[in-house]
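Please open the structure in the viewer and keep the selection tool at hand. The tour below proceeds from one selection to the next.

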Amino acid sequence: MSAPKKLFIKTYGCQMNVYDSERMAEALGGEGYVETKSADDADMILLNTCHIREKAAEKVYSELGRFKGLKAEKPDLKIGVAGCVAQAEGEEIMRRQPLVDLVVGPQSYHRLPEMEAKTRAGQKVLDTDFPEEDKFEKLKNRPKAKRGPTAFLTVQEGCDKFCAFCVVPYTRGAEVSRPADRILREAQDLVERGVREITLLGQNVNAYHGAGPNGDLTLAQLIWELDKIDGLERIRFTTSHPNDMQDDLIEAHGTCAKLMPYLHLPVQAGSDKILKRMNRSHTAESYIRLIERIRAARPDILISGDFIVGFPEETEEDFQATMDLVEEVKYGTAYSFKYSTRPGTPAAERPQVDPAAADDRLQRLQALLTRQQREVQDSMVGREVGVLFEKTGRLPGQMVGKSDYLHAVHVADCNRDAGELARVRIVSSGANSLAGELIG
Ligand code: 5AD
Ligand code: SF4
């Protein structure tokens, strides 16, 4: 028997890409590939790219350039570009970087085995179509490999919102929800392989409306179906849009014990003028009212957000409105970015904010968000939380896991295994994690 071929995947960007990389590895696993952590001994290299922020494409080209020597040494090495940069710039990549054998967009991963065979036959392959079929169904893995305690599960892809700064509607295409029965089967399978916590993924996850036996299901209805799976202990979902936060989902945060008290709900900005120009179709006020309703259903929920500063035509006053919104909401964690132009999006054509002013605003916003994050983390001290253990810690006997609120928690003298859930009292708050002790 010949030695297995080795696959090196480098993943950039969001959790959706992490999930897709796992599926690609499984698909090529069926063709005899095993994963390697080093590009040097790979027979195939895949860059799973992200296009959401600045100079993403340039970074991909410089990364590809680094494989030149490797390819010269190993002519059989195949190099592929996947993900959103592949989707956005497919032919351009082939033209600019001749050492690329394969360009594959996010909707075509189920065809990877055929594409790989074509590259082995010396062909160049480009596939960035948006097919109708469910790519994940075709990517079903063969052997039932054991999994860690947490997993992502894609339930929805694409977005029809067209925020003026964002490439997702162009790179991931129109919003598509997977049928509920397929998701439930995949979830059941994950649980049988050791998974205890599933994070439902989608660019616009709360717009989920996948087909069920009696019509479409909302995300909340899907969560209630998942809730019935024995052995599945925790459910999360990301990323949500404020306008799709329906009543049944808010209610589920108060009533579904498996649904964790954590919600990533990007607002992007606090000025109604800027929100309008971003094409967000909500106001600062409507977002704040929404947060109030969510907190009424689940008072201890931890709110996370995304922010963009320096969006075209943002004045100091507009920026202040973002700071005011942050003060009012109080975020447990957040991601903030300086606006960067994405060619082909509406905002790219507009007058840009002075970069020094944008840098300064980003610093001030991040200082405020960091302070809030610290306050929320520190406020956990003395509280009892659920922790799902994921791995052993650096110290003997120590285990590390995540709290219900997604804080990393270290527990000393912990006679528990990865995959076990425990009640833990938080005793101290460190730089990036909490320390706790088992209760009972
Ligand atoms: N510039 C800066 N940040 C962006 N994001 C998306 N597009 C851009 C852009 N052009 C941010 C948004 C989004 C997160 C995933 O990335 O805040 O919610
Ligand atoms: Fe992009 Fe999210 Fe807006 Fe969709 S809702 S366009 S994914 S920022």
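Select lysine 330 in this predicted model. Lysine 330 counts as partly exposed because its relative accessible area is 35%, which falls between the limits of 20% for buried and 50% for exposed. The residue sits in the loop that connects α13 (316-329) with β16. Its phi is positive, at about 65°, although lysine 330 is not a glycine. Most residues other than glycine have a negative phi, and most peptide bonds are trans.

Proceed to aspartate 413, another residue that has a positive phi without being a glycine; the value here is about 45°. Aspartate 413 belongs to the loop between β19 (408-411) and β20 (421-429). Is aspartate 413 buried or exposed? Its relative accessibility is 70%, so aspartate 413 counts as exposed, the cut-off being over 50%.

For the peptide geometry, select threonine 238 and threonine 239 together. The bond that joins these two residues is a cis peptide bond, with omega at about 5°. Threonine 239 lies in the loop between β13 (234-238) and α10 (247-255).

Return to helix α13 and select aspartate 324, which is found there. With 46% relative accessibility, aspartate 324 counts as partly exposed. If alanine 431 is added to the selection, a distance can be drawn between the two C-alpha atoms: they are separated by 26 Å, and the residues are 107 apart along the chain.

Next, select ligand 1. Which residues surround ligand 1? They are Ile52, Arg53, Phe165, Gln268, Asp306, Ile308, Phe337, Lys338, Tyr339, Ser340 and Arg342. Sorted by class, this shell holds 5 nonpolar, 2 polar and 4 charged residues.

Three atom pairs at the ligand can be displayed one after another.

- Phenylalanine 165: one of its backbone N or O atoms lies 3.0 Å from a nitrogen atom of ligand 1.
- Aspartate 306: a polar side-chain atom is placed 2.6 Å from an oxygen atom of ligand 1.
- Serine 340: a backbone N or O atom is 2.8 Å from a nitrogen atom of ligand 1.

Taken alone, ligand 1 exposes 410 Å², and the protein buries 88% of that area. Now colour β15 (302-309) and β16 (333-338): these are the elements that give two or more residues to the shell around ligand 1.

Among the shell residues is Arg342, and from there the tour moves to threonine 345. The side chain of threonine 345 reaches the backbone oxygen of arginine 342 at 2.6 Å. Threonine 345 is located in the loop between β16 and α14 (355-378). It counts as buried because its relative accessibility is 1%, and the cut-off for buried is under 20%.

Finally, display the open sheet of 6 strands, whose order is β2-β1-β3-β4-β5-β6 and whose pairing is parallel. Where are the edges of this sheet? They are at β2 (33-35) and β6 (125-127); each has a single partner strand, so one side of each is left without a neighbour in the sheet. On average, neighbouring strands of this sheet are turned by 20° against each other, direction ignored. Strands of a sheet pair through backbone hydrogen bonds, either parallel or antiparallel.

Within the sheet, select strand β4 (residues 78-82) and strand β5 (residues 102-104), which run parallel and are joined by 3 bridges. The last selection is valine 81, which stands opposite valine 103 in β5.

Key: Residues are numbered from 1 along each chain as its sequence is written. Chains are lettered from A and ligands numbered from 1 in the order in which they are written. This is a predicted model: local features need pLDDT of at least 70, side-chain atom pairs count only at pLDDT 80 or more; totals for chains, interfaces and linings use all residues. Side-chain values use heavy atoms; hydrogens and water are left out. A residue is near a molecule or strand if one of its heavy atoms lies within 4 Å of it. A polar contact is a pair of N or O atoms within 3.5 Å; within protein, one must be able to donate a hydrogen and the other to accept it, and residues adjacent in sequence count only if both atoms are side-chain atoms. Accessible areas come from the Shrake-Rupley method with a 1.4 Å probe; for residues, only the protein chains shown count as cover. Helices (H or I, at least four residues) and strands (E, at least two) are DSSP runs, numbered from the N terminus. Ala, Val, Leu, Ile, Met, Phe, Trp, Tyr, Cys and Pro count as nonpolar, Asp, Glu, Lys and Arg as charged, and the others, Gly among them, as polar. Buried means under 20% relative accessible area, exposed over 50%, partly exposed in between (1.4 Å probe, protein chains only). Two strands pair if DSSP finds at least two bridges between them. Axes are lines fitted to C-alpha atoms, for helices over the stretch in contact, and angles run from 0 to 180 degrees between N-to-C directions.
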